[in-house]
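Trainee: Could you take me through the largest pocket of this protein, and say what lines it and where it lies?

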Amino acid sequence: GGGRPSSRLIIFSAPSGSGKSTIVNWLMQEHPELKLAFSISCTSRKPRGTERDGVEYFFVSPQEFRERIDNDEFLEYEEVYEDRFYGTLKAQVDKQLAAGQNVVFDVDVKGGINIKRFYGERALSIFIQPPSVDELRRRLEGRATDAQSVIEDRLAKASYELSFASQFDKIVINDDLAKAKQETLEAIRTFLEGKKA
């Protein structure tokens, strides 16, 4: 039909170490024609360095963040540790959609499922999956930056997160990065053109 295609939402979730950020950053930089823009999150932490309110994040006090939770203003949020919140404001997402942006979310698995539930057909949820938990172990151990206990925790969390993969619209297995990038790009193009992914 006629009318301008309405803006859409692209949700990325993945266990840590699956190469998600690499794929997302590549899409944002190399494919401006997709009109992708990160959703600007809200946080209760203080700005760092050159960060400006309303650019990288919306900075609020922990108290205000809690009030906004009570007012049901968030699509999803998490308290990373006490008084350190991060969340996605519904009003901000709607504003970015109205501006013609296709809004990108890089969120944890539960957040991804919540956003998808909220927006339904307007959203495409993509789960970036490591080839296997064993491969993930090799990657994490290969970085050699983390203590073994940290690695074990991450792997346990990854196994748990992998159990949600089937709730996503599209699973991309990142076995070969170039291939995973292409597959993600194709899925998004198909979706934005309005065909069923």
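**The largest pocket and its setting**

Mentor: In this predicted model, buried residues make up 42% of the 197 residues in the protein, and it is useful to set out the overall frame before turning to the pocket. The protein has 7 helices and 9 strands, and its C-alpha trace spans about 45 × 45 × 30 Å along the principal axes. The radius of gyration is 17 Å, which agrees with the value near 16 Å that a compact globule of 197 residues would have.

The largest pocket has a volume of about 950 Å³, and of the 36 residues that line this pocket, Lys20, Glu78, Asp106, Val107 and Asp108 are the closest to its centre. Two or more lining residues come from each of α1 (20-30), β5 (74-81), β6 (84-89), β7 (102-106), α4 (109-119) and α6 (148-162), with α6 giving the most, namely 5 residues. By residue class, the lining divides into 15 nonpolar, 10 polar and 11 charged residues.

As for where the pocket lies, domain 1 (7-34 + 102-196) and domain 2 (36-100) both give residues to the lining, so the largest pocket lies between them.

A record adds one further piece of context: the UniProt annotation "domain: Guanylate kinase-like", from an unreviewed entry, covers residues 7-189. Over residues 7-189 the chain is 43% helix and 24% strand, and the C-alpha atoms at the two ends are 13 Å apart.

Conventions. Residues are numbered from 1 along each chain as its sequence is written. This is a predicted model: local features need pLDDT of at least 70, side-chain atom pairs count only at pLDDT 80 or more; totals for chains, interfaces and linings use all residues. Side-chain values use heavy atoms; hydrogens and water are left out. On a 1 Å grid over the protein atoms alone, a cavity is a set of points where a 1.4 Å probe fits but cannot get out, and a pocket is an open set with protein on both sides within 12 Å along at least five of seven lines; lining residues have an atom within 4 Å of a point. Grid points are joined across faces, edges and corners, and a volume is the space filled by probe spheres set on the points. Helices (H or I, at least four residues) and strands (E, at least two) are DSSP runs, numbered from the N terminus. Ala, Val, Leu, Ile, Met, Phe, Trp, Tyr, Cys and Pro count as nonpolar, Asp, Glu, Lys and Arg as charged, and the others, Gly among them, as polar. Domain bounds come from an automatic or database domain assignment. UniProt positions are given in the numbering used here, feature names are shortened, and annotations may be inferred rather than shown by experiment. The radius of gyration is taken over C-alpha atoms; the globule rule is 2.2 Å times the number of residues to the power 0.38. Buried means under 20% relative accessible area, exposed over 50%, partly exposed in between (1.4 Å probe, protein chains only).
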